[in-house]
Amino acid sequence: MPLPDPSVSRWLPDPDAEPPLRDLTVGQLLDEAVAKWPDQEAIVFSAYDDLGVSARWTYAEFAERARRVGRALIASGIEPGERCGIWATNLPEWLELQFGAAYAGVVIVPMNPLYRESEVEFVLAKAGAAACFVLPEDRGANLWGIAVSATAANEGCRLLVPLGEARDGAPGWDEWLAAGDSVNEDLLEKRRRAVTASDTSQIQFTSGTTGFPKGAELSHGGIVNNARIFAHKATLRENGRHSNPMPYFHCGGCVMATLGPIYRGMAQLPAIKFEPARIARTIEEEQATSTSLVPTMMIALEEEVARSGRDLSSLEVVVGGGSPVPPEVMNRWIERYGIGMANTYGMTECSPVVCETLPGDPVDLQTTTVGPPLPHIEVEIVAPGTTEVVPIGEEGELRSRSSMVMKGYWDNPEETAAAKDPDGFMRSGDLARMDANGYVSITGRAKEMIIRGGENIFPAEIEHAVRALPQVVDVAVIGVPDERYGEVCCAYVRLADGQALEAEQMKEFLTGKIARYKIPAHLRTVDQLPLTPSGKVQKFKLKELFASDT
């Protein structure tokens, strides 16, 4: 689609683009899939028998399970519009709750299993949650005990259910479900019909790369349309099989990799959490045709295939995103597996995808851009802090406007006003350039800008250069205090097995490749970079680590 004015960085929506926007709820999306493909596999957990988790549900079976959860929510007295926390890893019950809540008109509040008491208490209280469903234990942590303690003084949270056996007087999952069997199906159907596309579907608390989360209020229509358009553009195969290691408490997991495959009638192959060996096994044995991976996952799967010899050749499309996919990583996947890359850019507040490459795009566009905006989204690149649209090719802040943008931050009008301009555009805080064909390149985070002696530096360029070192698997660059320059760059690197790297080696390698003032003054090696569950580096934690080391 040509730009309306090829001299400025502005992309306008195309009302005639496929697929068209529709007023659909999450429940209606599943109902349409059941009508088209009742006997097609919808959900398959096949690599977790040793953990006691297995499922192989058709679309008809999945919908009936969701309706049973909807009846149980009604039996528990959870009213339309009330909020329900889900604090668990990617389990079958998570999906039953997501769609059961959609049928009953209940808003879900996805919660990160890595949260601890203060965070759980904050999220449930901020959302005004009436209920919370909890995986009792995860990674040695007693989540049930934390939930009980966090809700002790929260009178609004009336229902606490463990995803397992009964505990402390609370009914277990099976007992809670059975209590809803007496609810008349007509009552659930009445609730289902009352839900509209403009109603809130979920409150997504942002992943926290810079600090404490805010709750983005996302509508049914916003997330359903975003997932439909994303899946169409990614060319996900109808009735294919999609491997999903993305966490359900993030839009990448419960919107893109769940609603998108449902729109295409695919079997979703979820991972309980990211474990490269199980995911590689699932892709090979279930013959996955597509998968969703952030860059750190792509690197880890490469390492797993090198160890195990697993065959990933069934893959046709890899959906990338979460953070910029390094071109060298993407090129290796394209060359080794012949995949197309649907490289995405988005943010939770936009439901989440804003831009996306086509798997059939030229390789250089797949590896160096995030594609053009989705056809029903308006995007501008503006001078940071202003609404002035910059010329084509010039760097500025990306902002977007569509019916898919969040309603606002839940119970936080001040933060909403700071993020959404009066004209309805959502500010991203990301720096970007747009070319004459509308393809967008993300160049950095405005908040991550490093100012060294008056020179503005953006970490993405340096990270790309450092990642080219043969010893380096992954890298994150931050700004750290310096008496002479105010700020200088520090590179935190994860090295390949058996490799070593000294600061002088790094500086020598980078000399002539990037400007001298951009070369990191400090080098630190780490076993792992601190990541959010969606794969983004938590740079504020690296700053804290640097401060504790000096």
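Here is a friendly conversation about how some labels on this predicted model are earned.

Visitor: What makes F62 and F99 an aromatic pair, and why is the pair called edge-to-face?

Guide: The ring centres of F62 and F99 are 5.2 Å apart, and rings pair if their centres lie within 6.5 Å. The planes of F62 and F99 stand at 70°, and over 60 counts as edge-to-face. Both labels follow from those values. The pair links distant parts of the chain, with F62 in helix α2 (residues 59–75) and F99 in helix α3 (residues 92–104), 37 residues apart.

Visitor: Which residues join F62 in a cluster of rings?

Guide: Ring pairs link F62 with W57 and F99. F62 and F99 are both buried. By the pairing rule, the count of aromatic pairs comes to 9.

Visitor: How do you know that the charged end of R67 sits over a ring?

Guide: The charged end of R67 is 5.3 Å from the centre of the Y103 ring and sits over that ring. The distance part of the rule asks for a value within 6 Å, and 5.3 Å meets that part. The charged end of K214 sits over the ring of Y409, 5.2 Å from its centre.

Visitor: What do the length and burial of α2 look like?

Guide: Helix α2 has 17 residues and reaches 24 Å from its first C-alpha to its last, close to the 24 Å expected at 1.5 Å a residue. The buried residues of α2 include Y59, F62, A63, A66 and R67. After α2 comes G77, whose phi is positive, near 80°.

Visitor: Why do C132 and C157 not count as a disulfide?

Guide: The sulfur of C132 is 5.9 Å from the closest cysteine sulfur, that of C157, which is too far for a bond. A disulfide needs sulfur atoms within 2.5 Å, so the 5.9 Å pair does not qualify. Seen from the other side, C157 is in no disulfide, and its nearest cysteine sulfur is that of C132. The structure holds 0 disulfides.

Visitor: Why are C132 and C157 called buried or exposed?

Guide: Buried means under 20% relative accessible area. C132 has a relative accessible area of 0%, so C132 is buried. C157 has 12% relative accessibility, so C157 counts as buried.

Visitor: What about T282, and how do you know whether T282 is buried or exposed?

Guide: T282 has 8% relative accessibility, and because buried means under 20%, T282 counts as buried. T282 lies in helix α10 (residues 276–286). T282 and Y59 are 223 residues apart in sequence and 20 Å apart in space, C-alpha to C-alpha.

Visitor: How do you know that strand β15 is covered on both faces?

Guide: In β15 (residues 317–320), V317 and V319 on one side and V318 and G320 on the other are all buried. Strand β14 (residues 290–293) runs parallel to β15 and is joined to it by 4 bridges. Two strands pair if there are at least two bridges, so the 4 bridges make β14 and β15 a pair. One bridge partner is V319 in β15, matched to S292. The chain crosses from β14 through helix α11 (residues 295–308) to β15, in a right-handed β-α-β crossover. β15 also runs parallel to strand β16 (residues 340–346), joined to it by 4 bridges, and V317 stands opposite G340 in β16.

Visitor: What makes α11 largely enclosed, and how do you know that its span agrees with expectation?

Guide: 10 of the 14 residues of α11 are buried, so α11 is largely enclosed by the rest of the structure. Among them are P295, T296, M297 and M298. At 1.5 Å a residue the 14 residues should span 20 Å, and the end C-alpha atoms are 20 Å apart, which agrees. G309 follows α11 with a positive phi, near 75°.

Visitor: Why is strand β5 called largely enclosed?

Guide: 5 of the 5 residues of β5 (residues 107–111) are buried, so the rest of the structure largely encloses β5. V107, V109 and M111 point one way, and I108 and P110 the other way. Strand β4 (residues 83–87) pairs with β5 in the parallel sense over 5 bridges, and R83 has V107 as its bridge partner in β5. β4, α3 and β5 make a right-handed β-α-β unit.

Technical notes:
Residues numbered from 1 in each chain as written. Predicted model: local features only at pLDDT ≥ 70, side-chain atom pairs only at ≥ 80, totals over all residues. Heavy atoms only, no water. Buried < 20%, exposed > 50% of the residue type's maximum accessible area, 1.4 Å probe, protein only. Helix = DSSP H or I, 4+ residues; strand = E, 2+ residues; numbered from the N terminus. Right-handed = clockwise from strand over helix to strand, strands pointing away. Phe/Tyr/Trp six-rings, centres within 6.5 Å; stacked < 30°, edge-to-face > 60°. Lys NZ or Arg CZ within 6 Å of the ring centre and 35° of its normal. Expected span 1.5 Å × (residues − 1).
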